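Colleague: I am new to this structure and would love a close look at one part of it. Could you walk me through the aromatic rings and tell me what they pair with?

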Amino acid sequence: MTSIIPARAIIPFLVGMMLLTGVCNTLLTKYQDNQCVRNCDDPDPLKRKHFEQPVIQTLQMFVGEMGCWVVVGIMSLWSRYVSKSTTYERIDNRAAAAEDDVPDDASIRSHTPLTDSPSTVTSSKYDGPSVLRGWRVVLLSLPAICDICGTTLMNAGLLLVAASIYQMTRGALVLFVGVFSVVFLRRKLYAFQWLSLVGVMVGVALVGLAGAIQPDPKHPSAEATTTAMADVGADALKVIIGVLMIAGAQIFTATQFVLEEYILERSTIEPIRVVGWEGLFGFTVTLLGMVILHFAIGRTEAGRYGPFDMVEGWRQFWEYKSVFASSVLIMISIGGFNFFGLSVTRSVSATSRSTIDTCRTLFIWIVSLGLGWETFKWLQVVGFALLVYFTFLFNGIVQPPFEFLRVRAVEELLPEEPIEHN
């Protein structure tokens, strides 16, 4: 038996959809943050309150991840009732790659199906008993909890910074993935990779500095009130805090990646089911946490109308059409991003994946500039260029500038290739 992999003809479409949904995730979340939900008719923009509910935004992300179970169900029904009458011919990737002179196409190497079915088997290299057999599937709640912490921190940070700075700061992920891979997975980093991690730190610092030196208004409607020096200083401090929150969140995301890598190396579960289980566990834990925090903080005088006031948060969610509509679109977008990402990530090269991430950030930046959500900053361009270069250098896509730093082959830190879920 053989696994069904994406046909080459549709891979560009899958890549395009992964890019589109990835861009929409960030832009729709920032759009949601900009929606006024209280005192909207007040002539003083400072008294208007906007949708600031990072915990609810985390919850809606997990709803999108749970949508992967819909795909699993459809694929299972297809395998049971439709594909019985269809004969699939095994695709020899090695022979196909030898016939193609395009280097990037030669990296199409997926042998892992998105879903399991009677007619497909997972060709994982692991032959021992799965660590996720039976009740042990609850182990996936550990990366889900990391996802909760990381996503909530990033959503809170996005309230304080521009969308492009948010996306660029997420580039710090490679720093923590590299360090954690060495510490916990016993991977080896070469000298040029350690140099790359330092370069990534410098790039993130420059991006954050650009936002602090030339802060954008927190909400477009508040632009007229942010001209005073005191307001500029306050906005600069908010940008610094936001960048630190987003960069710190990458610690949780890197931990999630390392946990997923450890689990996937020792099991035969399909990646799309991993996302589905994490969505289910994440939704349950987040909802339980919301209830506890509401009674502990949200009901107090200090916590009223804040991010832990669950009653106020759900009132805003249901009463304001723009918030509700954007939430639905975010759920669909995140579900699509996970599906297309899992369809693509094992079918294209590391070069293509890094290029997709770079294009995602660029498109978010361009759209944000076009919508007037932020202003152009040359220092941000320098920081982003350093981020891209050193990330490419870390992944072995570009060669180190000095001969003594070069190596013949670079070990892949995460062979199971976990992907960001939002």
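Modeller: Happy to; here is a tour of the aromatic rings, followed by a short stop at the cysteines. This is a predicted model, where local features need pLDDT of at least 70, side-chain atom pairs count only at pLDDT 80 or more, and totals for chains, interfaces and linings use all residues. Residues are numbered from 1 along each chain as its sequence is written, and side-chain values use heavy atoms, with hydrogens and water left out.

The structure holds 15 aromatic pairs. Rings of Phe, Tyr and Trp (its six-membered ring) pair if their centres lie within 6.5 Å; planes under 30 degrees apart count as stacked, over 60 as edge-to-face and the rest as tilted. Among the pairs is that of Phe13 and Phe340, which is edge-to-face because the ring centres are 6.4 Å apart and the planes stand at 90°. Phe13 belongs to helix α1 (residues 11-33) and Phe340 to helix α12 (residues 321-345), so this pair ties together parts that are 327 residues apart in sequence. Helices here are DSSP runs (H or I, at least four residues), numbered from the N terminus. Phe13 is exposed, at 52% relative accessibility, whereas Phe340 is buried, at 12%. For these words, buried means under 20% relative accessible area, exposed over 50%, and partly exposed in between (1.4 Å probe, protein chains only).

Trp365 and Phe376 make a stacked pair, with 6.2 Å from centre to centre and 10° between the planes. Trp365 sits in helix α13 (residues 350-370) and Phe376 in the loop between α13 and α14 (378-394), so the parts tied together are 11 residues apart in sequence. Trp365 is buried at 6% relative accessibility, while Phe376 is partly exposed at 41%.

Rings also gather in a group: Trp314, Phe317, Trp318 and Phe324 form one aromatic cluster.

Charges meet rings too. Arg38 lies over the face of Tyr305, 4.1 Å from the ring centre, and Arg360 lies over the face of Phe337, at 4.9 Å. Such a charge counts if NZ of Lys or CZ of Arg is within 6 Å of the ring centre and within 35 degrees of the ring normal.

Now for the cysteines. The structure holds 1 disulfide, a pair of cysteine sulfur atoms within 2.5 Å. This disulfide joins Cys36 to Cys40, with 2.3 Å from S to S, and is left-handed, with -110° about the S-S bond. By contrast, the sulfur of Cys149 is 6.7 Å from the closest cysteine sulfur, in Cys146, which is too far for a bond.

Terms used. Helix = DSSP H or I, 4+ residues; strand = E, 2+ residues; numbered from the N terminus.
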